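Colleague: I should like to request a close look at one part of this protein, with its surroundings set out afterwards. Please begin with the single residue that I name below.

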Amino acid sequence: FETVQRFTEPRFKSDSKCAAGEWSPNSTGIDEEFQPSATTFQQYDCYENADDVGQAIPDRVQQSIYVEFNDAETARKYAEDEAVLYKVLIDQNRVVVAGTGLESVDMQAYLEEIKAACDCGEIIGA
């Protein structure tokens, strides 16, 4: 997760819709069928104004999602489910989903950067 954190904020802050952001363990972003197997869930939400972080509803939710599962099989199912609409990096039992809505952010490059840093996984999806 530390690797994902390291690459998220600097890249996302380049978009005016994400001047500031924060990671949240709000697991509403994962379908019920996957929740029992998820051991870690974090989503990165964006704010247009840094003063709103933690004080207001985010302007863009779930711009990045990081999930760890009990097993690689469930992680693969979740990743393939998300990959219908989003770019996804999957590595064994870990999944990073790149959201949409930050038009100036190249989400493919974001996932490739994480993949290169951890020397792991594969990118699948839309």
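With regard to Asp119, is this residue buried or exposed, and what is its relative accessible area?

Modeller: The model is a predicted one, in which local features require pLDDT of at least 70 and side-chain atom pairs count only at pLDDT 80 or more, while totals for chains, interfaces and linings use all residues. Residues are numbered from 1 along each chain as its sequence is written, and side-chain values use heavy atoms, with hydrogens and water left out.

Asp119 is exposed, its relative accessible area being 70%; here buried means under 20%, exposed over 50% and partly exposed in between, for a 1.4 Å probe and protein chains only. The residue is placed in the loop between α3 and β6. Helices (H or I, at least four residues) and strands (E, at least two) are DSSP runs numbered from the N terminus. The backbone of Asp119 deserves attention as well: its phi is positive, at about 50°, although the residue is not a glycine. Most residues other than glycine have a negative phi. Gln62 also has a positive phi, near 55°, and is likewise not a glycine. Gln62, however, belongs to strand β3, and with a relative accessible area of 24% it is partly exposed.

On one side of the Asp119 loop is helix α3, which spans residues 107–118. Ala117 is part of this helix and is partly exposed, at 39% relative accessible area. If residues up to four places away in sequence are not counted, Ala117 touches Thr3, Arg6 and Phe7, contact meaning heavy atoms within 4.5 Å. By contrast, the C-alpha atoms of Ala117 and Asp59 are separated by 29 Å, the two residues being 58 apart along the chain.

The partners of Ala117 lead to helix α1. Thr3, Arg6 and Phe7 are among the α1 residues that contact α3, together with Val4, Thr8, Arg11 and Phe12. On the α3 side, the contact is made by Met107, Ala109, Tyr110, Glu113, Ile114 and Ala117. The two helices pack at an angle of about 150°, with their axes 10 Å apart; axes are lines fitted to C-alpha atoms, for helices over the stretch in contact, and angles run from 0 to 180 degrees between N-to-C directions. Helix α1, residues 2–12, also lies across strands β1, β2, β3 and β5, and it runs at about 170° to β3.

On the other side of the Asp119 loop is β6, residues 122–125, which is one of the two edge strands and pairs on one side only. The other edge strand is β1, residues 20–24. They belong to an open sheet of six strands, ordered β1-β2-β3-β5-β4-β6, with antiparallel pairing; two strands pair if DSSP finds at least two bridges between them. From one strand to the next, the twist averages 20°. Strands of a sheet pair through backbone hydrogen bonds.

The partner of β6 is β4, residues 87–91, and the two are joined by four bridges. Within this pair, Gly125 of β6 is the bridge partner of Lys87.

The rest of the sheet can be followed from its other edge. β1 and β2 are antiparallel over five bridges, among which Trp23 has Tyr44 of β2 as its partner. Tyr44 in turn stands opposite Ser64 in β3. β2 and β3 pair over seven bridges, and Ala38 is opposite Phe69 of β3. Strand β2 is mostly covered, since seven of its 10 residues are buried. Five bridges then connect β3 with β5 in the antiparallel sense, and Val67 faces Val95 of β5 there.

Finally, helix α2, residues 72–82, lies across β3, β4, β5 and β6 and runs at about 10° to β5. This arrangement also involves β6, the strand that borders the Asp119 loop. Thr74 is located in α2 and, unlike the exposed Asp119, is buried, with a relative accessible area of 14%. Leaving aside neighbours within four places in sequence, Thr74 is in contact with Phe34, Ser37 and Phe69. Phe69 is the β3 residue already described as standing opposite Ala38.
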